[in-house]
Amino acid sequence: MDTSDNKKKNTLLYNILFVAVGAGILIFLALAPPESTVKLPHDEIHEKFFSMHKKEAEKFCTSCHNPDGDKPLPEGHPPKYRCLFCHKRK
Ligand code: HEC
Ligand code: HEC
């Protein structure tokens, strides 16, 4: 086997690898959950948080969204460090 045969083999291998990685990424994206988390509501309570810096706004959230507050987080709520990271403003 001369070197040009080796080169061809390598090229084929890289092509297969390329396709496999591409397919892997597509499958990963297809399986990822859609971004469907409820957005920060536009209402009297929440309107002011749209114009605030995110980290600043997040300091207020748990004053109402706590177990004894106006609207506790639902049971099984995911870890809640950065509210606005998941509950997007639009
Ligand atoms: C003054 C109390 C109060 C504060 C502060 C507050 N909320 Fe709320 N939140 C409520 C109440 C009451 C509701 C339910 C009625 C409504 O949708 O406004 C609610 C509803 C929500 C909902 C659900 C909306 C829906 O469609 O079901 C989300 C998400 C939310 N708040 C996120 C936040 C985030 C994030 C912050 C901080 C930036 C925040 N809230 C600060 C009282 C508050
Ligand atoms: C890791 C992502 C994530 C973070 C961070 C997060 N949440 Fe949630 N939250 C969710 C998901 C998912 C739900 C379930 C309802 C849904 O699918 O939107 C939810 C539900 C809620 C609900 C109830 C909505 C309803 O209609 O019943 C409120 C209120 C809420 N979150 C407030 C908050 C607050 C306040 C914070 C910050 C202290 C916070 N969340 C942080 C993902 C998140």
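Modeller: Buried means under 20% relative accessible area, exposed over 50% and partly exposed in between, with a 1.4 Å probe and protein chains only. This is a predicted model, where local features need pLDDT of at least 70 and side-chain atom pairs count only at pLDDT 80 or more, while totals for chains, interfaces and linings use all residues. Residues are numbered from 1 along each chain as its sequence is written, chains are lettered from A and ligands numbered from 1 in the order in which they are written, and side-chain values use heavy atoms, leaving out hydrogens and water.

Colleague: Okay, so what pattern does the protein follow along the sequence?

Modeller: Helices (H or I, at least four residues) and strands (E, at least two) are DSSP runs, numbered from the N terminus. The protein has three helices and zero strands. Read along the sequence, that gives α-α-α.

Colleague: Is the protein more spread out or less spread out than a compact globule, going by its radius of gyration?

Modeller: The radius is taken over C-alpha atoms, and the globule rule is 2.2 Å times the number of residues to the power 0.38. For 90 residues the rule gives 12 Å, and the protein's 24 Å is well over that, so it counts as more spread out. The C-alpha trace spans, along its principal axes, about 75 × 30 × 20 Å. Against a compact globule, then, the verdict is more spread out.

Colleague: And what share of the 90 residues counts as buried?

Modeller: The protein exposes about 8,100 Å² (Shrake-Rupley, 1.4 Å probe; for residues, only the protein chains shown count as cover). Carbon and sulfur atoms supply 65% of that area. The buried share of the residues is 10%.

Colleague: Which residues does Glu58 touch, leaving out those up to four places away in sequence?

Modeller: Glu58 sits in helix H2, and at 10% relative accessibility it counts as buried. Contact means heavy atoms within 4.5 Å. On that basis, Glu58 touches Arg82, Cys83, Leu84 and Phe85.

Colleague: What about His46, which residues does it touch with the same neighbours left out?

Modeller: His46 is in the loop between H1 and helix H2 (54-64). It is buried too, with a relative accessible area of 12%. Its contacts, beyond four places in sequence, are Leu40, Pro41 and His65.

Colleague: Moving to helix H1, how far apart in space are Leu13 and Ser36, C-alpha to C-alpha?

Modeller: Leu13 is in helix H1 and is exposed, with a relative accessible area of 56%. The two residues are 23 apart in sequence. In space, C-alpha to C-alpha, the distance is 39 Å.

Colleague: How far apart in space are Ile27 and Met52, C-alpha to C-alpha?

Modeller: Ile27 also belongs to helix H1, and its 53% relative accessible area makes it exposed. Ile27 and Met52 are 25 residues apart in sequence. Their C-alpha atoms are separated by 37 Å.

Colleague: How many disulfides does the model come to?

Modeller: The rule asks for a pair of cysteine sulfur atoms within 2.5 Å. Among the cysteines, Cys61 is buried at 16% relative accessible area, and Cys86 is partly exposed at 39%. The disulfide count is zero.

Colleague: Last one: how far apart do the centres of the positive and negative side chains lie?

Modeller: Lys and Arg count as positive and Asp and Glu as negative, with His and the chain ends not counted; each charge is placed at NZ of Lys, CZ of Arg, CG of Asp or CD of Glu. That gives 14 positive and 11 negative side chains. The centres of the two sets are separated by 7 Å.
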